[in-house]
Amino acid sequence: MKFLLLLLVSGLCYAQYNPNFRSGRTTMVHLFEWRWADIAAECERYLGPNGFAGVQISPPNENLIITSPNRPWWERYQPISYKLCTRSGNEQQFRDMVTRCNNQGVYIYVDAIINHMCGAGGGSGTRSTCGSSYNTGNRDFPAVPYSRLDFNDGKCKSGSGDIENYNDAYQVRDCRLVSLLDLALEKDYVRGKIAAYMNNLISIGVAGFRLDASKHMWPGDINAITSRLNNLNTQWFPSGSRPFIFQEVIDLGGEAIKASEYYGNGRVTEFKYGAKLGNVIRKWNGERMSYLRNWGEGWGFMPNDRALVFVDNHDNQRGHGAGGASILTFFDARLYKMGIGFMLAHPYGFTRVMSSYRWPRYFVNGKDINDWVGPPSYSDGSTKPVTINADSTCGNDWVCEHRWRQIKNMVIFRNVVDGQTLINWWDNGGNQIAFGRGSKGFIVFNNEDWNMDVNLKTGLPAGTYCDVISGQKEGTRCTGKQISVGIDGSARFQISNTAEDPFVAIHVNAKL
């Protein structure tokens, strides 16, 4: 009986590492600041047909409206209540999005802001996305409701009430993160309110949660909240399915709090991944791509089955969070596509790709002073729709990296090679590398300053393959390069160092 109970408990615990993806899909995309109506349409017209597994959405709960600066992206991280109305849309539009995306097998993962409410300097009034009242001085949020009893003001031991020392774990978790009012998550009442919010989202049909600022919450408090969550909606998910949990913990080493403290609750964001990969692709600090041979845990990263990995995210592409100038973004499109290509070809970690909007970068003393700029908006502050151009790119200053042919085709590549081991690694000792994924796929990079011309063993069946980077397979032809794999599984790869995309990828579903 004890053994059966242990099996049941361990099964429940492990379930929160499962993203609940539809079979044959492997990667989620973060549609940062998109409107719910646009996400619903994108699930139907693009994400579902191209094998994307899920969407991380911006926080759906009511937030403070910030007018100075004018509607920054970070206002979404200033909660007023758990009502479902933001500049992305109202509750009806949210429900419609979840239903339409789920029906396409593209599941929704909510960015959940549960560590705090809005900033201490938010004043009072009804300047919020649902019109709810608040008084930050009194710690009064009647739409939840929260009162002065529900915050950590008395527990914080710093002089200012804000985090002053990141080598003090108590400050990091009990004090205010950049003045955001820190919730007392050890209180049963607070845990209940947060769990009720998340369970409402589960009932609507979401598949899981990104827990923002997890580093600033005690792991035990997170566990106490997630253990109250209901199973997923059986309209779309098998009976007994648990919500997928992934926690934002920035751990580059050298601080009091370790990412490993959070492994018991779910997956954890591996911020070292993008920072280190950026250094390698940029060839900074003597790094070279041949060093990627033992990429993953061999680089000191967290265990494969605990890691959520990404090249960039909404924070560090703006210089926040972690990684600094090494982070690859759409502003460095050529290098960025190589980084995304490597991530999606390599088996380590659970992958998320970024989909951004443009903003006018303006650097002063090395800092982008426009890093606050919110999504493309009209003069009244409302978010512009994501328009689709004739060539499948996006308009209205939406970047839509996930629609770039090279990235979309690598999402498909990852689906095709899922479960296959990494084999046939080759490198030139410098910045030319190649590797296969079982008998399903093969990828080659030339990040040198000279042309590449090599014969390599691919592990793929003999035949003619379409390179899915320079083009793709359409009917019975390739729109880009063709690669011929011989009877012995070897092929010749010629990649110019001046190519728009100096890498080649082939897989069995792109075989003529």
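Author: A polar contact is a pair of N or O atoms within 3.5 Å, of which, within protein, one must be able to donate a hydrogen and the other to accept it. With that in mind we can look at this structure, which is a predicted model.

Reader: What makes the pairing of the side chains of His-314 and Tyr-77 a polar contact?

Author: The side chains of His-314 and Tyr-77 meet at 3.3 Å, and the cut-off is 3.5 Å, so the pair counts as a polar contact. Tyr-77 is also listed among the contacts of His-314 outside its close sequence neighbours, together with His-30, Phe-32, Trp-73, Arg-210 and Met-354.

Reader: Why is His-314 called buried?

Author: His-314, which is found in the loop between strand S11 and helix H8, has a relative accessibility of 1%, and because buried means under 20%, the word applies.

Reader: How do you know whether Asn-415 is buried or exposed?

Author: Asn-415, a residue of helix H9, has a relative accessible area of 14%; since the limit for buried is under 20%, Asn-415 is buried. Its side chain makes a polar contact with the side chain of Thr-26 at 2.7 Å, and, leaving aside neighbours within four places in sequence, Asn-415 also touches Gly-24, Arg-25 and Gly-51.

Reader: Why is Ile-369 called partly exposed?

Author: Ile-369 has a relative accessible area of 39%, and partly exposed covers values between the limits of 20% and 50%, so Ile-369 belongs there. This residue lies in the loop between strand S14 and helix H9.

Reader: What makes Ile-369 part of a surface patch?

Author: Patches are made of residues with over 30% relative accessible area, a condition that Ile-369 meets with its 39%. Together with Tyr-362 and Val-364, Ile-369 forms a nonpolar patch with about 270 Å² of accessible area.

Reader: Which residues have the most contacts inside the largest nonpolar core?

Author: They are Ile-39, Phe-94 and Phe-209, in a core of 137 residues, and the largest share of this core, eight residues, comes from helix H5. In soluble globular proteins, nonpolar side chains tend to be buried together.

Reader: What is notable about phi in Glu-33?

Author: Phi of Glu-33 is near 70°, a positive value in a residue other than glycine. Most residues other than glycine have a negative phi. Glu-33 sits in the loop between strand S1 and helix H2, and its relative accessible area is 0%, which is under 20%, so Glu-33 is buried as well.

Note on methods. Residues are numbered from 1 along each chain as its sequence is written. This is a predicted model: local features need pLDDT of at least 70, side-chain atom pairs count only at pLDDT 80 or more; totals for chains, interfaces and linings use all residues. Side-chain values use heavy atoms; hydrogens and water are left out. Patches are made of residues with over 30% relative accessible area and no salt bridge: like charges are joined within 9 Å, nonpolar side chains (Val, Leu, Ile, Met, Phe, Trp, Tyr) within 5 Å. Accessible areas come from the Shrake-Rupley method with a 1.4 Å probe; for residues, only the protein chains shown count as cover. A salt bridge is a side-chain nitrogen of Lys or Arg within 4 Å of a carboxyl oxygen of Asp or Glu. Helices (H or I, at least four residues) and strands (E, at least two) are DSSP runs, numbered from the N terminus. Buried means under 20% relative accessible area, exposed over 50%, partly exposed in between (1.4 Å probe, protein chains only). Contact means heavy atoms within 4.5 Å. A nonpolar core is a set of buried Ala, Val, Leu, Ile, Met, Phe, Trp, Tyr and Cys residues joined through side-chain atoms within 4.5 Å.
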